[in-house]
Amino acid sequence: MDHFQYHGGRLRAEDVPLEDIASEVGTPFYCYSTATLERHYRAFADAFAGMDAMICYAVKANSNIAVIGALAGLGAGADVVSGGELKRALAAGVPPEKIVFSGVGKSEDEIAAALKAGVARINIESDPELDCLNRVAASLGVTASAGIRVNPDVDANTHEKISTGKRGNKFGIEWTRTHEVFIRASAMDAVSLTGVAVHIGSQITDLKPFEEAFVRVRGLAAILRADGHLIDSLDVGGGLGVSYEDGGDVAPSPADYAKTVKSALGDLGCKLIIEPGRAIAGNAGVLVMRVIYVKEGASRTFVIVDAAMNDLLRPALYGARHAIVPAREASSGANWREVDVVGPVCETGDVFAKQMLLPEVKTGDLLAIRTAGAYAAVMGSFYNSRPLAPETLVKGDAFQVVRERISVDDLMARETMPPWLESGG
Ligand code: LLP
């Protein structure tokens, strides 16, 4: 459940009507609900209560420092995949000992920054990265606490672009090579490799692939231990999906997901690291936009809105369908029409929804795209020289702009004419 509900005919984020935020900040804008973030974080924390488990919110889903800060205040750690995300997590108040650093291409500088910050664990994903970690840690005079991300060759049964655990994907080290890498690492002075990590993909709505991957990790832990290697932590990644629209995929609950983790890995005496991103932030946000025109096309009606693929790339990139609802609740006598909801960007792919049933709308009406709390603002761009939409955070009856609109003037201020193009040059 989320906290975006109609009350008195107006769609509210907790107690704040989205219309009120729109009149203050303009459109389009993202709006996040603190109560929903908290609810989702707690669902994970409760599901893993009593276990030695660390919930490291995957910052990539929504890296606004206010969002990370709200979760950090509840005790969340962070999963980061770049020096930038590390900076944000630290700035938002996540203690370094609750930060794990993942990612297939961590640079030497990023590794050094993570080691200097004292993060809990760095998950390495290749042999050269292990060498780099050893080198950088030695030069800093520290021992790097590391895990190895394995590629378990499991089909996550999700969109191909966000499936990460199959042989042939760029992620992780082939699971069959894990033992060999541990042997190599044990000869290194500045790396302490004691963890196994796995992340098989995102928006996974079936528990079976998780189970398959975790069973593989269990087998690896047994083999490694039998050979005398210390295995003290298992990182199960993220990936639990969410429901995007009525009638669409229904995701398992964090409680059911936790049961799968526990039954495969709960009795190994290891610290468990869980990295949910979307399941925490997805339904905690909406993207609010205004109708610019309603255009009666040759074969379809187009609702042209002022948000576009640069604000929410998921439909264009993954063919994702997000529910879209009016900010004013449809009256019982509303005229429902089948429409295409499209943005103004000059690409045919700039479509939020095709043949969607919406109550009749007109120029100036407000619409909200649901489930835009994860992988929306973070994937935003300036394409077509459109500003970056502001982000707002609601708590009860209060709201705050937590990232201002970044205007085209802001962007142009960082561009320069080379001297040979300047007039008279
Ligand atoms: N841990 C690792 C190592 C990851 O690569 C990811 C996501 C997560 C955790 C969090 O996964 P989640 O719980 O959010 O599924 N932009 C795509 C999603 C990309 C996910 C990338 N990795 C989308 O909009 O669907």
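How far from a nitrogen atom of the ligand does a polar side-chain atom of Glu275 lie? In this predicted model, the separation is 2.6 Å. Taken alone, the ligand exposes 590 Å², and the protein buries 91% of that area.

Glu275 belongs to a wider shell of 18 residues around the ligand, and Ser202, Glu275, Arg278, Arg314 and Tyr375 are those that come nearest. Sorted by class, the shell is made up of six nonpolar, six polar and six charged residues. The table sets out polar side-chain distances to the ligand for three residues named above.

| Residue | Ligand atom | Distance |
|---|---|---|
| Glu275 | nitrogen | 2.6 Å |
| Arg278 | oxygen | 2.8 Å |
| Tyr375 | oxygen | 2.6 Å |

For Arg278 and Tyr375, the side-chain atom in question is an N or O atom.

The setting of the ligand can also be described in terms of the whole protein. The ligand takes up the space of the second largest pocket. The domain assignment divides the protein into domain 1, formed by 4–31 + 283–412, and domain 2, formed by 34–279. At the contact, domain 1 contributes 20 residues and domain 2 contributes 21 residues. The centres of domain 1 and domain 2, taken over C-alpha atoms, are separated by 32 Å.

Why is the ligand said to lie between the domains? Both domain 1 and domain 2 give residues to the shell around the ligand, so the ligand lies between them.

Key. Residues are numbered from 1 along each chain as its sequence is written. This is a predicted model: local features need pLDDT of at least 70, side-chain atom pairs count only at pLDDT 80 or more; totals for chains, interfaces and linings use all residues. Side-chain values use heavy atoms; hydrogens and water are left out. A residue is near a molecule or strand if one of its heavy atoms lies within 4 Å of it. A polar contact is a pair of N or O atoms within 3.5 Å; within protein, one must be able to donate a hydrogen and the other to accept it, and residues adjacent in sequence count only if both atoms are side-chain atoms. Accessible areas come from the Shrake-Rupley method with a 1.4 Å probe; for residues, only the protein chains shown count as cover. On a 1 Å grid over the protein atoms alone, a cavity is a set of points where a 1.4 Å probe fits but cannot get out, and a pocket is an open set with protein on both sides within 12 Å along at least five of seven lines; lining residues have an atom within 4 Å of a point. A molecule sits in a cavity or pocket if more than half of its atoms lie within 2 Å of its grid points. Ala, Val, Leu, Ile, Met, Phe, Trp, Tyr, Cys and Pro count as nonpolar, Asp, Glu, Lys and Arg as charged, and the others, Gly among them, as polar. Domain bounds come from an automatic or database domain assignment. Contact means heavy atoms within 4.5 Å.
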